[in-house]
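Dear colleague,

I am passing on to you the structure we spoke about, with the sequence alongside. Please look through it first, and then read the notes below at your own pace.

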Amino acid sequence: MATRQELSDFLASVEKRAFKQAVYAVRQDESALDIVQDAMMKLAEKYADRPLGEMPMLFQRILQNTIRDWFRRQKVRSTWTTLFSSFGGKDDDEDYDILETLQADDTSNIPVSPAAQLEQAQLLTIIEQSVEKLPGRQREAFMLRYWEELDVAETAKAMGCSQGSVKTHCSRAVHALSAMLKNQGISLESILRTSES
């Protein structure tokens with residue numbers, strides 16, 4: 001078992017290399033710093049009782065998982081902002097499924113400037129709060145399709161309903177969310193501006 005001082009020395013010895021690894025992966029200094037701090041906290045919280053010799057491999061595994069989690073969150077956020085920026089012209093078609101025609105780019109909607117990142121983070125918080133207000137079946141279908149990225153057939157199986165019902169729930173969820181965002185003063189133009197910043 002590593003002592004507190006040994007763990008501290010180990011973390012100090014890997015900090016700079018871990019930061020460079022994270023920067024190379026995510027290409028953002030602030031995000032890389034957050035990733036390294038998260039990885040160090042996870043190591044200290046969950047594996048401090050492990051022998052010192054196991055720390056390098058454990059830390060690398062945690063760091064890589066934390067980087068993958070970051071990319072997953074970015075992809076989900078990109079999908080959501082792309083999803084909401086794609087509204088229009090399909091108002092009454094419940095069989096229309098945006099994901100069947102839209103594939104989000106992993107990095108296309110990641111804002112570059114800190115101000116744009118803050119604006120997008122605030123927008124996503126409002127979207128997440130709005131999702132919580134959806135009726136249960138709509139929220140379930142929406143989350144399975146757009147968060148878990150299940151296809152329509154998989155979502156239908158998970159929900160125990162027909163594929164048509166999944167499309168209907170998703171369509172109604174998207175329209176309800178669009179209306180909730182509009183009521184909060186969030187327009188299609190503001191979503192597009194945020195995602196393009």
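What follows is an account of what was found, going from the whole chain to a group of helices and then to single residues.

Please keep in mind throughout that this is a predicted model. The chain holds nine helices and zero strands, so that the order of elements from the N terminus reads α-α-α-α-α-α-α-α-α. Of its 197 residues, 39% count as buried, and the chain exposes about 11,400 Å², of which carbon and sulfur atoms supply 51%. If one takes the contacts with a sequence separation of 6 or more, 71% of them are between residues 24 or more positions apart.

The packing of helices α6, α7 and α8 is described next. Helix α6 covers residues 136-147 and helix α7 covers residues 152-159, and the two pack at an angle of about 140° with their axes 10 Å apart. Angles over 145 degrees would count as roughly antiparallel and those from 65 to 115 as roughly perpendicular, and α6 and α7 are therefore oblique to each other. Their crossing is right-handed. On the side of α6 the contact is made by R137, E140, A141, L144 and R145, while α7 contributes V152, T155, A158 and M159. Sorted by class, this contact of α6 with α7 has five nonpolar, one polar and three charged residues.

Helix α7 also meets helix α8, which spans residues 163-183; the axes of these two come within 8 Å and cross at roughly 95°, which makes α7 roughly perpendicular to α8. The residues that make this contact are V152, A153, T155, A156 and M159 of α7, together with Q163, V166, K167 and H169 of α8. By class, the contact of α7 with α8 has five nonpolar, three polar and one charged residues.

Which residues of α6 are buried? They are Q138, A141, F142, L144, R145 and Y146, and two of these, Q138 and F142, may be worth finding in the view. Q138, in helix α6, has a relative accessible area of 14% and is buried, because the cut-off for that term is under 20%. Leaving aside residues up to four places away in sequence, Q138 touches H169, R172, A173 and A176. F142 also lies in helix α6, and with a relative accessibility of 0% this residue counts as buried. Between F142 and K167 there are 9.3 Å in space, C-alpha to C-alpha, although the two are 25 residues apart in sequence; K167 is one of the residues of α8 that take part in the contact with α7.

Finally, there are two places where the backbone has a positive phi. One is E149, which follows α6 and has a phi near 60°. The other is R27, a residue other than glycine, whose phi is likewise positive and near 60°. Is R27 buried or exposed? This residue is found in the loop between α1 (4-26) and α2 (29-47), and at 70% relative accessibility R27 counts as exposed, since the cut-off for that term is over 50%.

With best regards

Note on methods:
Residues numbered from 1 in each chain as written. Predicted model: local features only at pLDDT ≥ 70, side-chain atom pairs only at ≥ 80, totals over all residues. Heavy atoms only, no water. Axes fitted to C-alpha atoms, helices over the stretch in contact; angles between N-to-C directions. Helix = DSSP H or I, 4+ residues; strand = E, 2+ residues; numbered from the N terminus. Parallel < 35°, antiparallel > 145°, perpendicular 65-115°, else oblique. Left-handed = near helix turned anticlockwise from the far one by under 90°. Contact = heavy atoms within 4.5 Å. Nonpolar A, V, L, I, M, F, W, Y, C, P; charged D, E, K, R; others polar. Buried < 20%, exposed > 50% of the residue type's maximum accessible area, 1.4 Å probe, protein only. Areas by Shrake-Rupley, 256 points an atom, 1.4 Å probe, with all protein chains shown as cover.
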